[in-house]
Amino acid sequence: MSGEIRPVIVGAGPAGIRAAQALVTAGLRPVLVDEAPKGGGQIYRRQPDGFTRDAKTLYGTEAAKATALHRTIDGLAIDHRPNTLVWNIEAGALDLLREGRAERLPYSHLILATGATDRILPIPGWTLPGAYSLGAAQVALKYQGCGIGRRVAFIGTGPLLPLVASQYLKAGAEVVAVLDTARTADKLAALPGLLRGPATLAKGLRLLAALKAGGVPVRHGARPLRILGTDRVEGLAWHDGDRERRIDCDAVAFGYGLRSETQLADLAGCRFRFDPLNRAWLPERDAAGRSSVAGVYLAGDGAGIAGADAAELAGERAALALLEDLGRPVDRACAARLEAKLAAIGRFRRGLERAFPFPTDWAAQAPDDLVVCRCEEVSAGTLRATATRWGTPELNRLKALCRVGMGRCQGRMCGAAAAEILAAHRGVPVEAVGRLRGQAPVKPIPVAIEDAPEEAA
Amino acid sequence: MTATERITTDVAIIGGGIAGAAAALALRRMGMAVLLLERGFCGAQASGVNYGGVRRQGRPPEQIPLAQRAHAIWQRLPETIGIDGEYIRSGHLKLARSEADLASLEAYQDRVRDLGLGLEIVAGNAFRARWPWLGDRAIAGSWCPGDGHANPRLVSPGFARAARKAGADIREQTAVQEAVRDGDGFRLLAGGLEVRSRLLLNCAGAWSGRFAAAFGETVPLVSAHPNMAVTEPLPRLMDVNVGVEGGGIYARQVERGNCVMGGGRGIALDEDRARPGRSAIAALLRQAAELFPALRGAQVIRFWSGVEGDTPDRNPVLGPSRTTPGLIHGFGFSGAGFQIGPAVGEVLAELARDGRSSTPIEAFDIGRFAAPAGDTTAA
């Protein structure tokens, strides 16, 4: 492809779509690769063909933003490749899997807008049918119009907790409780920071008001004890600070904020550093979205959680950075405006973290028989015993010795929890145990993968 | 750097792979004081990320005595290192995909006939009946019933753990910056350590060349990077460790159900890190789907690679230095060190204590690579 400019964007969510738009505006024709059948990402995920719910029903207060993004992606003259998994990056090209066929896609520049998934801190009983992550509970409702149960309990912390609960309430489910592990004191302490984003704060307060008006018990300072049931979820045991309580339900949604999907940045060779706010190792990026690797840019939640509005801004900013690096004329005032807005959201984000703090006591309280890694069936007790027996100070060594994070999800679901257990067990900060190295394939690929004909560049 | 701790020991070992760790264990059992210096974590490089084949079949005849010695140790693995390491004596089946392959297998059988491997050539209907899960691609195989496989992620660090329990001083995350001959022995600087030892074992894997060179011995050691893959857990399918005449693919199924396979070469990211390569992955998966029809619908969940040290003749360097009294080499296993590792450790310990090995190792002498006009002065 000798010198040809072929930017590739991975992820057709708010960041990827705005990045694509900015590149098209500048006269480039990017390739946009995404796993979903239609562009929109997670928060603005679109329903399957034949479903007829309107935008207001699907996206509530965010309907206008969702509609605008969908119009943008549908109207862009770009090479959009839906239903396509990027499973590897090697030597300036992506390895794709589309309908069972392998393809190689060379890029001149790469914008990674890979988004996020739930941060899972397991609760005893979480492998029972009827237990879902908050994000999965939301996807079921938004995408296919079905709930995870009729009587649903919500537990954990993070902005998704009241949001998904109120969406279930609106959809007609019985929300039996919303149990936030954050304390009321956390919310009050967070107020000054949250006031930096008054509109978002007001939305959050309206959600809580709607839940209360719907008769939903909302509790703070809760601690999950276990999900009850034999063959499927029958209830939830939790601690209210004074005593154990039980509640009947047929489904539980739980989660503790989001975690960035960083494997592709890892495979692209990006340098990582520990980010205390996200409590995670993240690929480094400057204010414009440049990674440590020339020609590779990072935008949206995939490089640190900041939400959909920030993702739109960061996507556009990363595209401008790419254009700047190409020597194209760029509206510098616009770039500065985007960075200022992102910085403001960053300050608000710190307030959110104060309002929905990470439960730092989770690891110490995780019982030994709690399954941490579902794929390889590794319990908290096994992690602790392995760390003790082998004197393991580091997460990749722990993986080698007991298979945690070695299964289908490659640690995407269990890695954060395993790091917390190891760190707590050794009495060190979580950053001291390192991070699981990313390896191809990012998600499983079939043995009988067919090679598609080499593409003419 | 100023040393903060001084240690005097009988034997210093550079490298905590299976060779160095097994040597440490054997030396402790002989009652010698041992210090092992590992740059990263014991058993985390080639010794830990290899395929896990515990295979004598296919080795050149000169390696078979060493492999037989190791074979005996594998039978007592739990007594030796305290864990079973998922060792399974499954047998090793080397496949022929053509008449020419079959002729090669028969020729090998002849060559090692007196060395005790008990090879059996199986072809035709007997072959189909015995391993019905193999597809039509293979036409025959050479069967070595005593071979097997194990989990290298457990066995290799397991030797280091056993050595530590037996009293070896094992220092991980401690890179050797300097190793020199000093008086009657050696002086090493590693992290904050200053070490004096009577003897020095060079077991630094792919990084051994620099230590050999420091003592004036040039070895044409090159780094190589295997290309490995593992599937999700599958129902029981392969009951043997499989290789193929001519190479290209090897595969085994672990107790948990995952099929581990390897073949081809990965790519180096730098001196210390490697990744599987796209073209090698494609070739490996294609061959897997051909040879093992039941794997066609399976999902691969992980690819990986590592860094191993290869010699031009694919035999290790094992034996005393030609330039420096007290220096003993054990490296260059060329992707086939896991099975013989435990015996290599014992041989290194014998060389340290007695100055000679009870198992023949002449073919592995470092002198075979002596440069015609190289500098042979000890550093």
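**Exercise 1. Pairing in the first sheet**

Task: state in which sense β1 and β2 of chain A pair, and over how many bridges.

Solution. Strand β1 (residues 7–10) of chain A pairs with strand β2 (residues 31–33) of chain A in the parallel sense, over three bridges. Two strands pair if DSSP finds at least two bridges between them. Strands (E, at least two residues) and helices (H or I, at least four) are DSSP runs numbered from the N terminus. The model is predicted: local features need pLDDT of at least 70, side-chain atom pairs count only at pLDDT 80 or more, and totals for chains, interfaces and linings use all residues. Residues are numbered from 1 along each chain as its sequence is written, while chains are lettered from A and ligands numbered from 1 in the order in which they are written.

Next, the register: A:Val8 has A:Val31 of β2(A) opposite. Helix α1 (residues 14–25) of chain A packs on this sheet and touches β1, β2 and β7 (109–112) of chain A. The direction of α1 makes about 160° with that of β1(A); such angles run from 0 to 180 degrees between N-to-C directions, with axes fitted to C-alpha atoms, for helices over the stretch in contact.

Finally, the whole sheet: five strands of chain A form an open, parallel sheet in the order β3-β2-β1-β7-β20. β3 (79–81) and β20 (296–298) of chain A are at the edges with a single partner strand each, so one side of each has no neighbour in the sheet.

**Exercise 2. The second sheet of chain A**

Task: find which strands stand at the edges of the sheet that contains β16(A).

Solution. The strand order in this open sheet of chain A is β9-β16-β10-β11-β12, with parallel pairing. The edge strands are therefore β9 (131–133) and β12 (218–219) of chain A, each pairing on one side only. Between β9(A) and β16 (residues 251–256) of chain A there are three bridges in the parallel sense, and A:Ala131 is opposite A:Val252 in β16(A).

Helix α5 (residues 160–170) of chain A packs on the sheet and touches β10, β11 (174–180) and β16 of chain A. The direction of α5(A) makes about 175° with that of β11(A).

**Exercise 3. Two helix pairs**

Task: determine at what angle α12 and α13 of chain A cross, and which residues meet.

Solution. The axes of α12 (residues 380–390) and α13 (residues 395–402) of chain A come within 10 Å and cross at roughly 105°. That makes α12(A) roughly perpendicular to α13(A) (65 to 115 degrees). A:Thr382, A:Leu383, A:Thr386, A:Ala387 and A:Trp390 in α12(A) meet A:Leu398, A:Leu401 and A:Cys402 in α13(A); contact here requires C-beta atoms, placed from the backbone, within 7 Å.

For the other pair, α9 (residues 308–325) and α10 (residues 332–355) of chain A pack at about 145°, with axes 9 Å apart. Residues that meet include A:Leu313 and A:Leu320 in α9(A) and A:Leu338 and A:Leu342 in α10(A).

**Exercise 4. The contact between the chains**

Task: establish how many residues of chain B are in contact with chain A, and which element gives the largest share.

Solution. In chain B, 26 residues are in contact with 21 residues of chain A. Elements giving two or more residues on the chain B side are α7 (152–165), β13 (226–233), α9 (278–291) and β19 (299–304) of chain B. The largest share, six residues, comes from β19(B). Strand β23 (residues 445–446) of chain A pairs with β19(B) in the antiparallel sense over two bridges; the bridge partner of A:Ile445 is B:Val300.

Terms used. Parallel < 35°, antiparallel > 145°, perpendicular 65-115°, else oblique.
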